[in-house]
Amino acid sequence: MIDTLDIEITPTSQSRLSQVDFDNLPFGKVFADHMLIAKYENGAWSRASIQPFGDISLSPATSMIHYGQSIFEGLKAFKSESNDILIFRPEENWKRMNASAVRMCMPEVPKEIFLGGLRQLIALDRNWVPNNSESALYIRPFLFATDAMLGVRPSETYTFMIITAPVGPYYVKPLHLKIETEFTRAALGGVGSAKAAGNYGAAMYPAMMAQKQGIDQLIWTDAKEHKYLEEAGTMNMMVVIDDTLITPPLKSTILPGITRKSFLELTKEAGFKVEERPVSAVEVIEAIQSGTLKELFGVGTAATTAQVEKLTFEGKTYDLPSNAHRVISNSIGQKLLRIKKGIDPDTHGWNMTL
Ligand code: COI
């Protein structure tokens, strides 16, 4: 069904591929030749189509613009040494997109459109998948409301699209993070666990305030007490204290990261101790002071494994242990990358191969 999805394909007459400098890829500014589009109206999905990447036209009354019914996903395709294209855990993204859709009162995207469309789109643009070190083709599926109406109610029409972009790493250097204790990303019962566009927009002002002080990103804390760590920027948060990897447990304020889930699985398999439990800012600071904090890092599709070298909390900045001693993040981060690139065997069946 997925392989045989009937898609109308209009190939580009002029590929832009030769204009791309694959050795200097900014994140998310260069887009591959094609995009997928499928529309939902009268309770049903239309036949999907693949077209040259380009502008779309919308009514100024489009409800997504006014009321924010807009969700997205992020995943990556890698090129193996034998020139296979490997897409990492796309079914997980499909499931998470539909969980976000349910929370935002939007229609679920059928598996054959999401995965079947993805397959055909990436097959068409396979030459856009970079093959150097940590570069990848970043895949951005998204769904938004398209009713032209100003009434506050769920839209009756929607558009699902996939665009792709060859990218290098999201963070190019180790990070300086601040534990945020004033602003809130998500509250229990809100939409923090959905990949809702507004979550990212709402995080920009607090992040910008921190960036004015030379800080790269924020570690969000719980909305009630601002005591417990949640996410960091666009990543899930990981802490190693003594020999144990600790990460906050999933709940309605935390995005269920696919990199998070994969990282935890590989860490357990490698024989390290893993705990999913609340971790407070005070616990982290005390561990830094006593020398038991070994590693602090974020994980995400775009960010991969992002090391944190400095941490600010309540106006004080702490230097964290050097990267060279970070056993878990370095070994598991590398292992994950090797699986994604087909260097190590994919014993979990995580890759979709084209
Ligand atoms: C991803 O890792 O795919 C993200 O969602 C980060 C993105 C907002 C740049």
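Reader: Which element gives the most to the lining of the second largest pocket, and with how many residues?

Author: In this predicted model, helix α8 gives the most to that lining, with seven residues. Both α8 (327–340) and strand β17 (304–313) supply at least two residues each to the lining of the second largest pocket.

Reader: How is such an empty space found, and what is the volume of the second largest pocket?

Author: The general idea is that a probe the size of a water molecule, rolled over the atoms, shows where empty space is left. In this structure, the second largest pocket has a computed volume of about 410 Å³.

Reader: How many residues line the second largest pocket, and which lie nearest its centre?

Author: The lining consists of 20 residues, and those nearest the centre are E134, T304, T305, A306 and Q307. Sorted by class, the lining has eight nonpolar, nine polar and three charged residues.

Reader: How much space lies in the largest pocket, and which residues lie nearest its centre?

Author: The largest pocket holds about 810 Å³ of space. Its lining counts 37 residues, with F72, R140, Y170, Y200 and T234 nearest the centre. Several elements give two or more residues to this lining: the strands β8 (136–145), β9 (158–167), β11 (217–221), β13 (235–241) and β16 (293–300), together with the helices α4 (197–202), α5 (204–211) and α6 (258–269). By class, the lining of the largest pocket divides into 18 nonpolar, 13 polar and six charged residues.

Reader: Where does the largest pocket lie with respect to domain 1 and domain 2, and why?

Author: The domain assignment of the protein chain gives domain 1 (2–169) and domain 2 (175–340). The largest pocket lies between these two domains, because both give residues to its lining.

Reader: What separates the centres of the two domains, and how many residues are in contact?

Author: In general, the size of an interface is often given as the accessible area lost when the parts come together. For this model, the description rests on a distance and on contact counts. The centres of domain 1 and domain 2, taken over C-alpha atoms, are separated by 27 Å. In the contact, 20 residues of domain 1 meet 22 residues of domain 2.

Reader: How many cavities of 30 Å³ or more does the structure hold, and which residues line the largest cavity?

Author: The structure holds one cavity of 30 Å³ or more, and the volume of the largest cavity is about 70 Å³. G74, L75, K76, F78, F88, N93, I258, T259, T301 and K340 form its lining. Strand β6 (75–79) and helix α6 each give two or more residues to this lining, and β6 has the largest share, three residues. The classes comprise four nonpolar, four polar and two charged residues. Domain 1 and domain 2 each provide at least three residues of the lining of the largest cavity.

Reader: How should the packing of α2 and α3 be read, and at what angle do these helices pack?

Author: Two packed helices are described by the angle between their axes and the distance between the axes. Here, helix α2 (residues 90–103) packs against helix α3 (residues 111–124) at about 145 degrees, and the axes are 10 Å apart. The crossing of α2 and α3 is right-handed. P90, E91, N93, W94 and M97 make the contact from α2, and K111, F114, L115 and L118 make it from α3. The residues of this contact divide into six nonpolar, one polar and two charged.

Key: Residues numbered from 1 in each chain as written. Predicted model: local features only at pLDDT ≥ 70, side-chain atom pairs only at ≥ 80, totals over all residues. Heavy atoms only, no water. Axes fitted to C-alpha atoms, helices over the stretch in contact; angles between N-to-C directions. Helix = DSSP H or I, 4+ residues; strand = E, 2+ residues; numbered from the N terminus. Left-handed = near helix turned anticlockwise from the far one by under 90°. Contact = heavy atoms within 4.5 Å. Nonpolar A, V, L, I, M, F, W, Y, C, P; charged D, E, K, R; others polar. 1 Å grid on protein atoms, 1.4 Å probe; cavity = no way out; pocket = protein on both sides within 12 Å on 5 of 7 lines; lining within 4 Å. Points joined across faces, edges and corners; volume = space filled by probe spheres on them. Domains from an automatic or database assignment.
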